[in-house]
Amino acid sequence: MAATLCQVLGFVLSLLGVAGVIAATGMDQWATEDLFDNPVTAVYSYSGLWRSCVRQSSGFTECRPYFTILGLPALLQAVRALMIVGIVLGVIGCLIAIFALKCLKMGNMEDNIKATMTLTAGILFLLAGVCGIAGVSAFANLIVQSFRFTSYAGEGFGMYGGGVGGLTGALTPRYTFGPALFVGWIGGAILGIGGIMMCLACRGMTPDNKQRYDGMAYKPASQHTVYKSDIRPRPAYNDSYKAQSVDGRQSTQKFDYV
């Protein structure tokens with residue numbers, strides 16, 4: 001019962017974690033403009049993994065996708081790859097975990113097979129959580145570096161070094177952590193916790209294969225056993241046969257019978 005509860009709870013947490021990683025990957029607010037001491041408040045800009053957006057004070061928002069792949073920094077492309085790999089691993093783990101649930105009967109599937117599938121799903125969830133956290137942390141490091149070397153007085157370095165989305169100029173905005181980063185961190189952490197619980201549930205689902213066999217006790221002969229020779233007289237067998245002659249005399253001839 002404890003193993004089943006741990007498995008179901010780990011599966012639910014893993015689903016929430018996968019949903020969080022997917023939501024964070026699709027969000028545009030990975031890096032938001034820092035409004036502290038910002039002289040220009042009529043325009044608010046933010047950017048994500050796939051496009052950058054500008055929102056005016058009137059409420060009008062314009063987003064521009066990144067039409068280039070080779071022009072993007074290598075770190076941004078690595079973050080994209082990590083998030084996509086995390087999503088793929090999480091989805092595959094969810095599919096395996098559904099068939100591995102102990103509360104669901106899937107034909108004549110044995111418990112040891114379900115335990116192996118549960119362990120596999122748990123490992124996939126752990127890897128997906130690590131990929132999600134690593135991708136978000138790498139992007140956060142990029143924001144920190146851009147924030148340190150960007151000022152409103154000069155040209156600045158821009159968010160991606162080259163001004164993707166037209167966010168460069170005399171007053172380059174500084175960016176800070178957006179809501180998508182926190183969603184990705186929380187989703188990756190929940191995904192990792194769910195994977196750990198799935199791995200722990202595997203140990204409780206493994207059947208006990210130790211079987212007891214009833215055997216006979218064998219006692220070897222003692223080394224000091226004395227064997228006595230048989231001294232009883234044995235009957236003598238005479239294989240000779242004395243034949244009598246015609247005149248009544250005995251003959252000493254012997255006949256062997258085969």
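A contact here means heavy atoms within 4.5 Å. By that yardstick, residues 24 or more positions apart account for 63% of the contacts in the chain with a separation of 6 or more.

This is a predicted model, where local features need pLDDT of at least 70, side-chain atom pairs count only at pLDDT 80 or more, and totals for chains, interfaces and linings use all residues. Residues are numbered from 1 along each chain as its sequence is written, and side-chain values use heavy atoms, with hydrogens and water left out.

Going by DSSP runs (helices are H or I, at least four residues; strands are E, at least two; both numbered from the N terminus), the chain has four helices and five strands. Their order from the N terminus is α-β-β-β-β-α-α-β-α. Of the 258 residues, 35% count as buried, meaning under 20% relative accessible area with a 1.4 Å probe, protein chains only.

Now for the strands. Two strands pair if DSSP finds at least two bridges between them.

| Pair | Sense | Bridges |
|---|---|---|
| β1 (residues 31-33) and β2 | antiparallel | two |
| β2 and β3 (residues 51-56) | antiparallel | five |

Ala 31 has Ser 47 of β2 as its bridge partner, while Tyr 46 sits opposite Cys 53 in β3. Three residues separate β2 from β3 in a hairpin. Strand β2 (residues 43-47) is largely enclosed by the rest of the structure, because four of its five residues are buried.

On to the helical part: UniProt's unreviewed entry places "transmembrane region" at residues 81-101, 122-144 and 182-202; such annotations may be inferred rather than shown by experiment. Residues 81-101 are 95% helix and 0% strand, with end C-alpha atoms 30 Å apart. Residues 122-144 are 100% helix and 0% strand, and their end C-alpha atoms lie 33 Å apart.

Key: Buried means under 20% relative accessible area, exposed over 50%, partly exposed in between (1.4 Å probe, protein chains only).
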